[in-house]
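Here is a set of exercises to work through with the model open in your viewer. Try each task before you read its solution.

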Amino acid sequence: MDGLSVVIPALNAEALLAGTLAALGPDLEVIVVDGGSADRTAELAAGAGARVLGAPRGRGGQIAAGIAAASHPWLLILHADTQLGDGWRQAVAAHLATPDRAGYFRFVLDSPAKRARRLERFVAWRCRVLGLPYGDQGLLIHRDLLRAVGGIKPLPLMEDVDLVRRLGRERMRLLAADAATSAERWEREGYLRRSARNLCCLSLWFAGVPPRVIQRLYG
């Protein structure tokens, strides 16, 4: 796809990264920024045709490094465990005429559980009412708009919330395609416990607690 660079921060992501890269398809500039993985993340990414960079661990800094290396004006920031669904390219192409707005995808979990559907409905509400999509929904943004709102801050986490708050609801649009995220953490830790912890982290961030402190809770 002309004019688009995909930036993926990764850390010990070999189990899920292959699916993420395969879902993107061919003819894309894909930059995987590895934060010091102990597994085959970097090798797997390179084998799939992605450009692999190294950066100190921390999602904000890794994303910033990928953006600095990207060639194209449009940037798609994507988590290593998030697979874009059918029609994502058409949804992106339809958005490219509005460089003054960022786009994000519908949040879905790769689980048939009813609890997953409830969480998806809550996330849809959060995005619609509060204007708070998270990084696991992907973020499509023009380089000029990103620069205008101050870029990506080198935060260890909450870099997605920090950016969308600076963008504001009026400069974001829901794209007509899914971003399917692994449900493994929710199913391993429990949907209620994981969601409560995420909400606690968000509340601490809004209260001004430093991200490095919140990271200890997030795990």
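**Exercise 1. Decide whether Leu 28 is buried or exposed, and find what surrounds it.**

Step 1. Leu 28 has a relative accessible area of 17%, so it counts as buried (buried is under 20% relative accessible area, exposed over 50%, partly exposed in between, with a 1.4 Å probe and protein chains only). This is a predicted model, in which local features need pLDDT of at least 70 and side-chain atom pairs count only at pLDDT 80 or more, while totals for chains, interfaces and linings use all residues. Residues are numbered from 1 along each chain as its sequence is written, and side-chain values use heavy atoms, with hydrogens and water left out.

Step 2. Place Leu 28 in the loop between helix 1 (14-24) and strand 2. Helices (H or I, at least four residues) and strands (E, at least two) are DSSP runs, numbered from the N terminus.

Step 3. List the contacts (heavy atoms within 4.5 Å). Not counting residues up to four places away in sequence, Leu 28 touches Met 1, Leu 4, Val 6, Trp 88 and Arg 89.

Step 4. Check a C-alpha distance: Leu 28 and Ala 50 are 8.8 Å apart in space and 22 residues apart in sequence.

**Exercise 2. Work out what phi Asp 27 and Met 158 have, and where each of them sits.**

Step 1. Most residues other than glycine have a negative phi. Asp 27, not a glycine, has a positive phi of about 60 degrees, and Met 158, also not a glycine, has a positive phi of about 70 degrees.

Step 2. Asp 27 belongs to the loop between helix 1 and strand 2, and Met 158 to the loop between helix 6 and helix 7.

Step 3. Asp 27 is exposed, because its relative accessibility is 65%. Met 158 is buried, because its relative accessibility is 9%.

**Exercise 3. Find which strands pair with strand 8, and in which sense.**

Step 1. Two strands pair if DSSP finds at least two bridges between them. Strand 6 pairs with strand 8 in the parallel sense, over seven bridges.

Step 2. Pick out opposite residues: Gly 103 faces Arg 173 in strand 8, and Val 108 faces Ala 180 in strand 8.

Step 3. Strand 5 (residues 82-84) runs antiparallel to strand 8 and is joined to it by three bridges. Here Gln 83 has Ala 180 as its bridge partner in strand 8.

Step 4. Consider burial: seven of the eight residues of strand 6 are buried, so this strand is largely enclosed by the rest of the structure.

**Exercise 4. Describe the nonpolar cores and the packing of helix 3.**

Step 1. A nonpolar core is a set of buried Ala, Val, Leu, Ile, Met, Phe, Trp, Tyr and Cys residues joined through side-chain atoms within 4.5 Å. The largest has 41 residues, and Ile 67, Leu 109, Ile 141, Leu 167 and Tyr 191 have the most contacts inside it. Apart from it lies another core, of 27 residues, including Leu 4 and Leu 175.

Step 2. Look around Ile 141: with neighbours within four places in sequence left aside, its contacts are Pro 73, Trp 74, Leu 75, Ala 102, Leu 146 and Leu 167.

Step 3. In helix 3 (residues 59-69), the buried residues are Gly 60, Gln 62, Ile 63, Gly 66, Ile 67 and Ala 69. They pack against several elements, among them strand 1 (4-10), strand 4 (74-77) and helix 7.

**Exercise 5. Explain why Leu 132 counts as buried, and find its contacts.**

Step 1. Leu 132 counts as buried because its relative accessible area is 4%.

Step 2. Leu 132 sits in the loop between helix 5 (114-130) and strand 7 (139-142).

Step 3. Leaving aside neighbours within four places in sequence, the contacts of Leu 132 include Val 161, Val 164, Leu 202 and Phe 206. The C-alpha atoms of Leu 132 and Val 161 are separated by 7.0 Å, although these residues are 29 apart along the chain.
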